[in-house]
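Me: I am new to this structure and would like a close look at a single part of it. Please take strand S1 and what its side chains pair with, and then add a short look at the sheet elsewhere in the chain.

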Amino acid sequence: LEIYYLESYEHMGQATVQCISGCRCDAATIDAFAPSKQSIVRLHRMLVSQDEKCVVGIKILEASATQEHKFKISMIAVAYTKEEFHGSSLFSQYIGGR
């Protein structure tokens, strides 16, 4: 799973990402605060077991270096490892579509 989020020096907080049901993953905390005076979109990757009914939750935390709680997600994408892709039905569709 790839989560693209805004990292910035003002108003930013933290969020926890975790698998809720249907899949497994290690929970992760993302801190969107950047001490440098810049704003940039960052990428957080996490391994999630495959399941078509996977539910992943993102929760804004009370803890924050700025005492504020803004957390802006730019994009969430499902990405396959090379091994997973080659063994998936997507690979069969891709090869069949050539």
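Reply: What follows goes through the pairs made by strand S1 and then turns to a three-stranded sheet. The model is predicted.

Strand S1 covers residues 2–7, and strand S4 covers residues 40–45. Side chains of opposite charge can pair when their charged atoms come close. The structure holds two salt bridges.

One of them is formed by Glu-2 and Arg-45, with 2.9 Å between the closest N and O atoms. Because Glu-2 belongs to S1 and Arg-45 to S4, this pair ties together parts that are 43 residues apart in sequence. How do the two partners stand with respect to the surface, buried or exposed? Glu-2 has a relative accessible area of 14%, which is under the 20% limit, so Glu-2 counts as buried. Arg-45 is at 59%, which is over the 50% limit, so Arg-45 is exposed. The bridge between Glu-2 and Arg-45 thus has a buried end at Glu-2 and an exposed end at Arg-45.

Glu-2 has further partners. The side chains of Glu-2 and Arg-45 are also listed as a polar contact of 2.9 Å, and a polar contact of 3.2 Å joins the side chain of Glu-2 to that of Tyr-4. With neighbours within four places in sequence left aside, Glu-2 is in contact with Leu-43, His-44 and Arg-45, and also with Met-75, Ile-76, Ala-77 and Ala-79.

The other salt bridge joins Arg-42 and Glu-7, whose closest N and O atoms are 3.1 Å apart. Arg-42 sits in S4 and Glu-7 in S1, so this pair ties together parts that are 35 residues apart in sequence. Glu-7 is buried, at 13% relative accessibility, while Arg-42, at 34%, counts as partly exposed.

S1 also takes part in an aromatic pair. The structure holds one such pair, and its members are Tyr-5 and Phe-71. The rings are stacked, with 5.7 Å from centre to centre and 10° between the planes. Tyr-5 lies in S1 and Phe-71 in the loop between S5 and strand S6 (73–77), so the pair ties together parts that are 66 residues apart in sequence. Tyr-5 is buried, at 8% relative accessibility, and Phe-71 is buried too, at 14%.

Now the sheet. Three strands form an open sheet in the order S3-S2-S5, with antiparallel pairing. Strand S3 (28–31) and strand S5 (55–60) are at the edges, and each has a single partner strand, so one side of each is left without a neighbour in the sheet. On average, neighbouring strands of this sheet are turned by 25° against each other, with direction ignored. Strand S2 (residues 14–21) pairs with S3 in the antiparallel sense over four bridges. Gln-14, for example, has Asp-31 of S3 as its bridge partner.

On the S5 side, Val-56 gives a closer view. Val-56 is in strand S5 and, at 30% relative accessibility, is partly exposed. Leaving out residues up to four places away in sequence, Val-56 touches Leu-1, Val-17, Gln-18, Cys-19 and Ile-20. The C-alpha atoms of Val-56 and Ser-21 are separated by 7.3 Å, although these residues are 35 residues apart along the chain.

Terms used
Residues numbered from 1 in each chain as written. Predicted model: local features only at pLDDT ≥ 70, side-chain atom pairs only at ≥ 80, totals over all residues. Heavy atoms only, no water. Salt bridge = Lys/Arg side-chain N within 4 Å of Asp/Glu carboxyl O. Helix = DSSP H or I, 4+ residues; strand = E, 2+ residues; numbered from the N terminus. Buried < 20%, exposed > 50% of the residue type's maximum accessible area, 1.4 Å probe, protein only. Pairing = 2+ DSSP bridges. Axes fitted to C-alpha atoms, helices over the stretch in contact; angles between N-to-C directions. Contact = heavy atoms within 4.5 Å. Polar contact = N/O pair within 3.5 Å; in protein donor to acceptor, adjacent residues only side chain to side chain. Phe/Tyr/Trp six-rings, centres within 6.5 Å; stacked < 30°, edge-to-face > 60°.
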